[in-house]
Structures are given as structure tokens and as C-alpha cells.
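Here is a short briefing on how one protein chain is put together. Look at the fold, then follow the points below.

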Amino acid sequence: MKMIAQSMQTKRIVQSKPRETMSKPNDLKHIPLSLIRENQIALRPVDRDSEKYAGLVDSIKLMGVMTPITVRELRDNESGQKYYGLIDGLHRYNAAQDAGIEEIPCHILTMNEADVLKAQLMSNIHKVETDPVEYSRQLARILSHNPTQTAASLAAELGMSETWLSARLGIIK
């Protein structure tokens with residue numbers, strides 16, 4: 001029985017390989033906060049007045065950032081300067097700034113914009129603070145950034161049913 005479960009588990013792992021447009025995280029790198037830019041779209045905006053956020057800032061002051069954020073390397077269109085776009089870890093990034101930390105541990109990925117949107121959605125899917133309307137808008141953004149992507153294929157990538165995805169998209173119509 002264990003062999004069957006282990007075999008099924010291995011099958012799931014094999015099926016969940018990153019797509020060609022995404023890379024595996026490289027070694028951990030500490031990047032100056034000044035070189036990181038927030039994404040314009042935040043599923044869970046930072047409430048700097050909350051008690052929970054204040055606790056995060058205090059813990060970073062005491063222990064540093066324990067869980068790395070995820071970024072991708074980009075270039076400024078006008079200046080050509082390299083910077084890092086934030087993929088995951090908005091609250092940690094902001095709390096590190098407020099704690100006076102100069103560098104933050106990062107995993108650097110190579111992703112296109114559509115995959116960044118998917119990664120952000122997936123990292124927030126189980127967090128209760130995610131606004132259902134904003135979540136639905138993110139699904140629509142993913143589809144708009146990739147015109148060849150269908151609702152059925154997106155639902156399959158997210159491990160959800162097409163009915164579930166259609167219901168979520170219906171929230172914003």
C-alpha cells in the first residue's frame with residue numbers, strides 16, 4: 001500500500017514541474033531593498049496599521065527576515081539599469097523596509113508576466129486575507145496577459161475545475 005501511495009505522490013511531483021517560461025530558484029542571494037520594486041498589483045495590500053504587521057516588523061528587527069522573498073531580474077526600459085521585480089513576499093519586503101533592514105534574502109526566478117501573475121495567485125490562494133474580488137481580477141489578468149490561454153487550461157494549471165474558475169470570473173462581470 002505504501003508503494004502505491006509513494007508512486008502516486010511521485011507522479012504528482014513529476015506533473016508539477018515548472019513550465020518552460022519559469023526557472024527553478026537559484027541559490028539564495030541577499031539583495032539591497034533599494035534594488036527591488038513592488039509589483040503594481042497586490043492581492044493582499046499591506047495594512048501598516050495592523051497589529052499583525054507591527055509584529056512582523058518587530059520580529060524582523062529582532063531576527064531578520066527568516067523566509068526569503070521571490071523576485072525576478074528586470075531592466076529599466078529608459079535607463080537600462082538592472083532591478084528586481086517582487087513576485088512573492090510583499091509583506092516581508094515592506095516590513096523589512098520599516099524595520100530598517102538594508103538587504104533581504106531572495107530567490108531569483110526567471111518568469112514572464114503571465115507566470116508572475118499565476119505565481120502570485122498561487123502563493124495567496126490559501127490565505128484568508130485575500131479579497132475574493134481581487135482574486136477574481138487576478139485570474140482575469142492572467143488570461144488577458146496570455147491570449148492563447150483558455151479558462152480550461154488555466155484551471156488545470158491551478159489544479160481547479162473549469163466550473164470553479166468560471167464562477168470566480170463571474171464575480172467581476
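Two strands pair if DSSP finds at least two bridges between them. With that in hand, strand 3 and strand 4 clearly count, as 6 bridges join these antiparallel strands. Keep in mind that this is a predicted model.

**The sheet**
- The sheet is open and has 5 strands, in the order 1-5-3-4-2. Its pairing is mixed.
- Strand 1 (29-32) and strand 2 are the edge strands, and each pairs on one side only.
- Strands of a sheet pair through backbone hydrogen bonds, either parallel or antiparallel.
- Strand 1 pairs with strand 5 in the antiparallel sense, over 4 bridges. Here I31 has I104 in strand 5 as its bridge partner.
- Strand 2 (residues 36-37) pairs with strand 4 in the parallel sense, over 2 bridges. R37 stands opposite G85 in strand 4.
- Between strand 3 and strand 4, V71 stands opposite L86.
- The hairpin of strand 3 and strand 4 has 6 residues between the strands. In this hairpin, G80 takes a positive phi near 80°.
- Is strand 4 mostly covered or mostly bare? Strand 4 is mostly covered, with 5 of its 7 residues buried.

**Helices on the sheet**
- Helix 3 lies across strand 2, strand 3, strand 4 and strand 5. It runs at about 125° to strand 4.
- Helix 4 (residues 113-124) also packs on the sheet, where it touches strand 3 and strand 4. Its direction makes about 40° with that of strand 4.

**Helix against helix**
- Helix 2 (residues 51-63) packs on helix 3 (residues 90-99) at an angle of about 65°. Their axes are 8 Å apart, and the crossing is right-handed.
- Helix 2 contributes Y53, L56, V57, I60 and K61 to this meeting. Among the helix 3 residues they meet are H91, R92 and A95.
- By class, the contact has 7 nonpolar, 2 polar and 3 charged residues.

**The cores**
- The largest nonpolar core has 19 residues. I31, I36, I69, V71, L86, I104 and C106 touch the most other members.
- Helix 2, strand 3, strand 4, helix 3 and strand 5 each supply at least two residues of this core. Helix 3 gives the most, with 5 residues.
- Which residues does I104 touch, not counting those up to four places away in sequence? Among them are I31, I36, I69, Y93 and A96.
- Another core, of 13 residues, lies apart from the largest one. Its members include I125, Y135, L139 and L143.

Terms used:
Residues are numbered from 1 along each chain as its sequence is written. This is a predicted model: local features need pLDDT of at least 70, side-chain atom pairs count only at pLDDT 80 or more; totals for chains, interfaces and linings use all residues. Side-chain values use heavy atoms; hydrogens and water are left out. Axes are lines fitted to C-alpha atoms, for helices over the stretch in contact, and angles run from 0 to 180 degrees between N-to-C directions. A crossing is left-handed if the near helix is turned anticlockwise from the far one by less than a right angle, and right-handed if clockwise. Contact means heavy atoms within 4.5 Å. Ala, Val, Leu, Ile, Met, Phe, Trp, Tyr, Cys and Pro count as nonpolar, Asp, Glu, Lys and Arg as charged, and the others, Gly among them, as polar. A nonpolar core is a set of buried Ala, Val, Leu, Ile, Met, Phe, Trp, Tyr and Cys residues joined through side-chain atoms within 4.5 Å. Buried means under 20% relative accessible area, exposed over 50%, partly exposed in between (1.4 Å probe, protein chains only).
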